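I opened this entry to record what I looked up on strand pairing and on the nonpolar cores, and I kept the notes in the order in which I took them.

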Amino acid sequence: MAHPKAGSGKAGRKGSKGHSSSGRLALGLYEAELYRLQAELVALQEWVRSTGARVLVIFEGRDAAGKGSAIKRVTEYLNPRVARIVALPAPTDRQRGEWYFQRYVAHLPAAAEIVLMDRSWYNRAGVEHVMGFCTPAEHKRFMAQCPVFERLLIQDGILLFKYWFSISHAEQERRFKSRLNDPMRQWKLSPMDRDAILRWEDYSRAKDDMFMQTDTAESPWYVVEAEDKRRARINMIAHLLSSIDYTEVRTEPVTLPERPKAVNYTRPPRELFRYVPDHAAKLERPDEG
């Protein structure tokens with residue numbers, strides 16, 4: 001199965017624009033390319049499983065920038081035993097007394113695993129710093145330790161990728177408002193989203209400082225333009241695939257045997273079991289409901 005080779009994504013280089021198109025990507029183009037890329041993600045998964053590689057992908061960015069939906073498209077066809085999503089809650093009292101990176105270490109990928117972090121240790125550089133959940137000294141210590149911590153991960157063989165999903169304040173506000181009357185997505189709104197609007201410039205300064213300190217040659221940040229979620233997902237997945245020099249793993253095809261005839265087995269009467277009600281039948285015959 002062919003895939004983009006590492007180094008082919010020139011748009012990911014520091015200083016480049018990173019995109020050449022605007023507007024919403026046509027649905028047909030999006031779905032066709034997404035499916036192709038997802039097939040390549042399955043090929044990557046098999047390479048990870050066969051080689052024992054460790055892949056860590058960090059998703060950061062503004063609230064409502066589309067990190068979660070991108071993660072869903074990445075993992076849609078992957079084996080959850082290989083590809084894990086990590087989205088940690090607020091730290092406990094005990095965790096607040098630990099070395100800051102300690103609770104994240106437990107979630108790092110083991111051999112033959114892909115871990116996708118929906119937010120990460122960079123919480124300290126963003127929301128914790130802006131909202132005053134950490135002290136200035138703790139923030140300064142994080143900025144000094146983070147490049148060292150990531151260097152250790154990379155030197156130990158972890159393939160680390162950091163993506164920042166970027167949107168405008170107008171698009172963020174539009175997405176927040178779209179959730180207000182959507183019962184399926186209201187749970188995504190929180191008082192923190194209000195602060196994300198009121199403290200836009202504070203978060204901008206925090207992000208700029210974070211990039212200045214942690215965008216290194218060995219552990220770079222890659223910015224994903226996310227005004228259009230379709231383009232963002234396609235561009236991010238294509239870049240990830242182009243950045244790993246994986247190869248197709250050929251496996252022996254599985255054949256299904258002939259089912260043997262039952263010997264000395266009689267299925268118990270259906271009356272002995274509890275079956276869920278046939279709710280689907282009501283959809284087919286609503287008048288009988």
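I looked up Val 57 first and found that its bridge partner in S4 is Phe 161. This is a predicted model, and I read every entry below with that in mind. Taking the two strands as a whole, I noted that S1 and S4 run parallel and are joined by seven bridges.

I then traced the sheet to which they belong, which is open, has five strands in the order S2-S3-S1-S4-S5, and pairs them in parallel. At its edges I found strand S2 (83–86) and strand S5 (221–225), each with a single partner strand, so one side of each has no neighbour in the sheet. From one strand to the next, the twist averages 20°.

Next I checked what packs on the sheet, and noted that H2 lies across S1, S2, S3 and S4, with its direction at about 165° to that of S3.

I turned to the cores. The largest nonpolar core has 35 residues, and Phe 165 and Met 236 are those with the most contacts inside it. Among the elements that give it two or more residues I listed helix H2 (67–75), strand S1 (54–61), strand S4 (159–166) and helix H10 (229–242), while the largest share, eight residues, comes from H1.

For Phe 165 I went through the contacts beyond four places away in sequence, and they include Phe 59, Ala 70, Val 224, Ala 232 and Met 236, along with Glu 60, Arg 62 and Lys 67. Last, I recorded a second, separate core of 23 residues, with Ile 58, Tyr 104, Met 117 and Ala 125 among them.

How values were computed:
Residues numbered from 1 in each chain as written. Predicted model: local features only at pLDDT ≥ 70, side-chain atom pairs only at ≥ 80, totals over all residues. Heavy atoms only, no water. Core = buried A, V, L, I, M, F, W, Y, C linked by side-chain atoms within 4.5 Å. Buried < 20%, exposed > 50% of the residue type's maximum accessible area, 1.4 Å probe, protein only. Helix = DSSP H or I, 4+ residues; strand = E, 2+ residues; numbered from the N terminus. Contact = heavy atoms within 4.5 Å. Pairing = 2+ DSSP bridges. Axes fitted to C-alpha atoms, helices over the stretch in contact; angles between N-to-C directions.
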